[in-house]
Amino acid sequence: MSAYIYIIGMCVITSAIRILPLLILRRPIKNRFLRSFFYYVPYVTLSVMTFPAIVNATDSPVSGALAFAAGLILSWIGANMITVSAACCVVVFIAELFI
């Protein structure tokens, strides 16, 4: 019986999170700080979920950090996603040989 209560509670909370902003915010947000905050929330969330996975996916966190640095540099200079991914894999492979 308690499992049903938990499921119903989860449904209510999930629905409230999605419905309340629609009911409360009826006009566009004019505040520059809030607009920039809401603009960057998806990027920050993705980064917070991805970074620990990058570092912990390898045998050594050092090789994960080196691959992250290589990917960051290649992305910064404009390399495409396939190049960045391949380079990160090569960096991890080489780092794991020496570590």
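A surface patch, as I shall use the term, is made of residues with over 30% relative accessible area and no salt bridge, with like charges joined within 9 Å and nonpolar side chains (Val, Leu, Ile, Met, Phe, Trp, Tyr) joined within 5 Å. A salt bridge here is a side-chain nitrogen of Lys or Arg within 4 Å of a carboxyl oxygen of Asp or Glu. Accessible areas come from the Shrake-Rupley method with a 1.4 Å probe, and for residues only the protein chains shown count as cover.

The model before you is predicted: local features need pLDDT of at least 70, side-chain atom pairs count only at pLDDT 80 or more, and totals for chains, interfaces and linings use all residues. Residues are numbered from 1 along each chain as its sequence is written, and side-chain values use heavy atoms, with hydrogens and water left out.

Let me begin with the patch. M1, Y4, I5, I7, I8, M10, V12, I13 and I17 form a nonpolar patch on the surface, and together they have about 1000 Å² of accessible area. Two of these residues, I8 and V12, belong to helix 1; helices are DSSP runs of H or I, at least four residues long, numbered from the N terminus. I8, in helix 1 (residues 2-24), counts as exposed because its relative accessibility is 55%; exposed means over 50% relative accessible area, buried under 20%, and partly exposed in between (1.4 Å probe, protein chains only). V12 likewise counts as exposed, at 52%. L22 also lies in helix 1 and is exposed, with a relative accessible area of 65%. The C-alpha atoms of L22 and W76, 54 residues apart along the chain, are separated by 37 Å.

I turn now to helix 4. Its 18 residues, 81-98, reach 26 Å from first C-alpha to last, close to the 26 Å expected at 1.5 Å a residue; that expected span is 1.5 Å times one less than the number of residues.

Which residues of helix 4 are buried? They are V84, C88, V92 and A95. They cover an arc of only 75 degrees around the axis, which puts them on the same side of helix 4; the arc is that of the directions from the helix axis to the C-beta atoms. These buried residues pack against helix 3 (61-76). The face turned away from the buried side carries the exposed residues I82, C89, F93 and L97.

Finally, C88 counts as buried because its relative accessibility is 18%. Leaving aside neighbours within four places in sequence, C88 is in contact (heavy atoms within 4.5 Å) with A67 and G71.

How values were computed: Helices (H or I, at least four residues) and strands (E, at least two) are DSSP runs, numbered from the N terminus.
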